[in-house]
Amino acid sequence: MAHKILIVDDEPNIVISLEFLMKKEGFEIAVANDGEEALAKVASFKPNLMLLDVMMPKKSGFEVCEALRADAANADLQIVMLTAKGRDTEVAKGLAIGADAYVTKPFSTKELVAKVKSMLGIA
Amino acid sequence: MLSGWFILFLSTVYMAILFAVARFGDARADAGKSIISANVYALSLAVYCTSWTFYGSVGRATSGGLSFLTIYIGPTLMLLMTGVILKMIRISKVNRITSIADFIASRYGKSQLLAGLVTIIAVIGVVPYIALQLKAVSASLEALLHESGSDFLPWWLDSTFLIAALLAVFTILFGTRHLDATERHEGMVAAIAFESVVKLLAFLAVGVFVTYSMFDGLGELFQRAAASPELARLLQTDASRAGTWTAMILLSGLAIIFLPRQFQIIVVENVDESHLKRAVWLFPLYLLLINIFVLPIALGGLLHFQGQPFNPDTFVLTLPLARGAEMLALLVFIGGLSAATGMVIVETIALSTMVCNDLVMPWLLRYSRIGERKDLSRLLIVIRRAAITLILLLGYVYFRAAGEAYALVGIGLISFAAVAQFAPAMFGGMYWKQGNHAGAVAGLLGGFSVWLYTLLLPSFARSGWIGNGFVENGLFGIAGLKAQALFGLGGLDEISHCLWWSLLVNLGLYIAVSLTTRPDALEAGQAERFVDVFRHSGRETDTRLWRGRASMEELLNLLERFLGKARTHKQLGAYARKRGTTSWQKLPIDAGLVHFAEAQLAGAIGSASARVMVASVTQEEDIGLEEVLDILDEATQVRAYSRNLEAKSRELEAATTELRAVNERLRELDKMKDDFISTVTHELRTPLTSIRALSEMLHEDPRMELSDRKRFLGIIVSETVRLTRLINQILDMAKLESGRAEWTTSEVDVREVIRESMDSLEQLFREKGVMLTGELPETCPLVMADRDRLTQVMINLLSNAVKFVPGETGKVHVRLSADTERVRIVVGDNGPGLTADECNVIFEKFRQGGNTMTDKPQGTGLGLPISRQIVEYFGGNLWVESEPGAGANFIFTVPLPGPEEQQ
Amino acid sequence: MKQASPTRQRLAALSLIGAPLLTFPLLSLPEGNWIGVPAQFFYLFAVWAGLIALAAWVAERKDK
């Protein structure tokens, strides 16, 4: 059974590119455009991994991450934070609240795919 | 029927009551529970009202009408100068001053000469005044006995002498209980306050009796007086005597603080400076009350005794007696006795202190071997008691010798004029540091001589004791030297004449000599201590003004000799505690201790003698005048420095606060800049992310389907466009904010700008099916602006509007209007509208309104901030008026140029 | 610099007002009879009493 990946971003063009990239690798994909939608999709879609943008309307990526980590049911969910703000403090903050990896935009598609695969245990 | 013995018995009983009151006061003081309250203090000031007031005021009113009031108005006005009196009290407390002679002497370098001079003036001026009191008692006694037809006392028993002797005993008992004259005589003060009440009640009683029992109230009295041409003149003051009126007020104003007994009560006997607050109105109230019935009694007497022989000075007694009111007459007699005894007791204590400390002690210390005795405290008390006896005896002798002579009757004001001579030296000493010893001596001597020549000696001449040639024809027959018309200054009464000349000479000499001579070192220090008494809280200057060596043994010895062992040890113990040492044996032998010892001694023997004694047991270094002035100067400078320092530190504090605020602001700006850069980074990276991801996929997957390929390339192009626009706007914003933007200002027709902008966006509106309408006036004034920038604003507002209105049903309306001051452009739409919060937020950088998901690549979040910057640059405003669901009106104004700019 | 106390200044001001009120030439203004007593008699005592009342008010007022 294919791994499930949830893409969360408010930029339509980024969503388009990520969706295409991950589908090509054979993952099952779902999309959310803001934080609240993301939480709802996690509950219904039950992804194995989540690509989570930080700067979003309604709920920021940090808030989403914190909310997910507060629920033990999501312990297995891998979270990769994506941010266009490259400051070190934000990387540290993201990791501190329970993100598994942190990727700055713009990212290399190859590296992102490699990282996602290794995190899911597909070598 | 009043018998002489009965009256004498009554007097003795009254004196016994006085004794009891005084004993009670002393006992309470010893127990540490002083009965001297503010009220008692204020009442004791009424020792000012002697028998001269009690009997004499009515006498004066029968001849001078209302002019007797000046003697009481002056003190009222003087007492209101609370600051002056408070300073006198403070100086005296700090320097342990015990009399007015000591005050003046201490100020001018602890001068024995000045102390003696002031004492002599006081004794000469005041002893006859004491005699006058004895005479008043004698006269009242006589009136009482004569009217009631009683026998006189046996020839060998003189009632006045008896009274004088009783007074001497009383004064000795309560005036010399302690040696230290700064230790107050609380029992005596209590007795004086009691006497004040008695004499006031007695006088009010006779006043009410005469006015309402003998006559039919004030109205009738005044009516009847007005009917008689002789009495009518008493009801109206004589404006031609205006000078005398003012002079009397000045004279009595000075007397209230410079008469030795007044100085004693107001200054020396003051327990608490705050009592002055009560005295400042209660004492004048007392004066007012005791004077209300003076004129009515005078008129009543004149009306009652018309055509008979009478003595107006005894009206208060003879009027009740004439109606057979013997008990009232007795009360009045006791009241008069109160007035006389009160004055005699306090005056004698004050004078005896001065005589002992300022005349006898210096003489004994200098010319006899008495200074070597082991214990002098007993001797001091003996001297003081002898002085009391002597002064009373002098008074009695003068009374016997003068009899009815003018020199006695007129002595009240003559006495006032004598003590007025202290005024220049006293006031100058308190407020003028340059006033010095030589000036004070010259002024006092000059003033005193003039007083002697123009007032006292003429009064002797009038009494027939000496020839009156110098009054009638002038000394040596020189007309200009006529004693009461000096240098031809006539037309004045003798008191005003004397006051004018004596104060002129006194003040003139004091100032002139002070300005032309230099003080010595000691004096300069004292001047500082007196004038700046409120500022000298610390003892630093005091201790720096004395240098030398002393031994504890010798100082102790000296103090014990004058104060006695017990007292010395008690005082030293208290001083040691104040210095923070457990016992006085451990006190450091320094300037402070020497100063303390000298002050203690000054309380007992006066400052001048104390200085001599302390100097005799210590090896003092001579500090020259220059050095003293330097030290004082330095002290003044230190004070100035510390004031400056305080001001500086306040300034620094203010500056620090300011700096902190600025720093805070900078930090805020820094954070804003940081946020801005972070935001810009984010905004730039977002399109780059799509571009990079899509390009990489295109690059790596050559077999990608054509439709995807086309779609991705389209996204890449639009993201690139967005990126370019973003960079342009950021640069534009940065230029505007840093003020480096280029502006080409010219006259612009706003209508054209609007029309062009609408035309250029027509395509966009048509594509979305939005209706765009304009409402432009026929004419519109030109504004001064940059045409391209204005177009930029217009296009920004229009493209924002089209972005947010719904397709097909959307409407955008542009309206231009103008008044005399500005043009106003409104871009209205029927879009979703904005909340009040959003109305502000949208003008911040990178904050966009509405759902950005729909059309994200279009907006950068910089359009409105840039537009606002531009409009504000032209001096206008840009804002939005909107409510959710009701569309939005973006409004901006551009001001019209002023008339002078138009030319 | 130590400021002179306001109470002391107010009392001194009373003194300075009182002096011209209780001397000539102002003193020659009241003439004739006021409520049954000679005008000047009435004037002198009234002004004097007024000064005393004001002084009492100023001196006894509790400072804040």
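Student: At about what angle to S6(B) does helix H34 (residues 750-760) of chain B run?

Tutor: This is a predicted model, in which local features need pLDDT of at least 70 and side-chain atom pairs count only at pLDDT 80 or more, while totals for chains, interfaces and linings use all residues. Residues are numbered from 1 along each chain as its sequence is written, chains are lettered from A and ligands numbered from 1 in the order in which they are written, and side-chain values use heavy atoms, with hydrogens and water left out. Helices (H or I, at least four residues) and strands (E, at least two) are DSSP runs numbered from the N terminus, axes are lines fitted to C-alpha atoms, for helices over the stretch in contact, with angles from 0 to 180 degrees between N-to-C directions, and contact means heavy atoms within 4.5 Å. In chain B, H34 lies across S4, strand S6 (811-818) and S7, and its angle to S6(B) is about 170°.

Student: Which strands are at the edges of the sheet in chain B that contains S6?

Tutor: That sheet is open and mixed in its pairing, with 5 strands in the order S4-S6-S7-S9-S8, where two strands pair if DSSP finds at least two bridges between them. From one strand to the next the twist averages 15°. Each edge strand pairs on one side only, and in chain B these are strand S4 (771-775) and strand S8 (878-882).

Student: Which residue of S9(B) stands opposite B:Val826?

Tutor: Strands of a sheet pair through backbone hydrogen bonds, either parallel or antiparallel. In chain B, strand S7 (residues 822-829) and strand S9 (residues 888-895) take the antiparallel sense, with 8 bridges between them. Facing B:Val826 across this pairing is B:Ile891.

Student: Why is one side of S2 and of S5 in chain A left without a neighbour in the sheet, and which residues do these strands span?

Tutor: The sheet of chain A is open, with 5 strands in the order S2-S1-S3-S4-S5 and parallel pairing. Direction ignored, its neighbouring strands are turned by 20° against each other on average. The two strands stand at the edges and have a single partner strand each, so one side of each lacks a neighbour in the sheet; S2 of chain A spans 28-32 and S5 of chain A spans 101-104.

Student: Which residue of S4(A) stands opposite A:Met50?

Tutor: In chain A, strand S3 (residues 49-53) and strand S4 (residues 78-83) run parallel and are joined by 5 bridges. Helix H1 (residues 12-24) of chain A lies across both of these, as well as strand S1 (4-8) and S2, and runs at about 165° to S2(A). The residue of S4(A) opposite A:Met50 is A:Ile79.

Student: Why do helices H6 and H22 of chain B count as roughly perpendicular, and how do the residues of their contact divide?

Tutor: Helix H6 (residues 82-95) and helix H22 (residues 423-431) of chain B pack with axes 11 Å apart, at an angle of about 80°. H6(B) is therefore roughly perpendicular to H22(B), given that angles under 35 degrees count as roughly parallel, over 145 as roughly antiparallel, 65 to 115 as roughly perpendicular and the rest as oblique. On the H6(B) side the contact residues are B:Gly83, B:Val84, B:Lys87, B:Met88 and B:Ile91, which meet B:Met426, B:Phe427, B:Met430 and B:Tyr431 in H22(B). With Ala, Val, Leu, Ile, Met, Phe, Trp, Tyr, Cys and Pro taken as nonpolar, Asp, Glu, Lys and Arg as charged, and the others, Gly among them, as polar, the contact residues divide into 7 nonpolar, 1 polar and 1 charged.

Student: Is B:Lys110 buried or exposed?

Tutor: B:Lys110 lies in the loop between H7 and helix H8 (112-148) of chain B, and has a positive phi of about 50° although it is not a glycine. Buried means under 20% relative accessible area, exposed over 50%, and partly exposed in between (1.4 Å probe, protein chains only). Because its relative accessibility is 14%, B:Lys110 counts as buried.

Student: Which residues is B:Ser415 in contact with, leaving aside its neighbours within four places in sequence?

Tutor: B:Ser415 belongs to helix H21 (residues 411-420) of chain B, and its relative accessible area of 0% makes it buried. Beyond those sequence neighbours, B:Ser415 is in contact with B:Gly125, B:Val126 and B:Tyr129.

Student: What is omega near for the cis peptide bond from C:Phe24 to C:Pro25?

Tutor: The elements of chain C run α-β-β-α from the N terminus on, and C:Pro25 lies in the loop between helix H1 (6-21) and strand S1 (33-34) of that chain. For the cis bond from C:Phe24 to C:Pro25, omega is near 5°.
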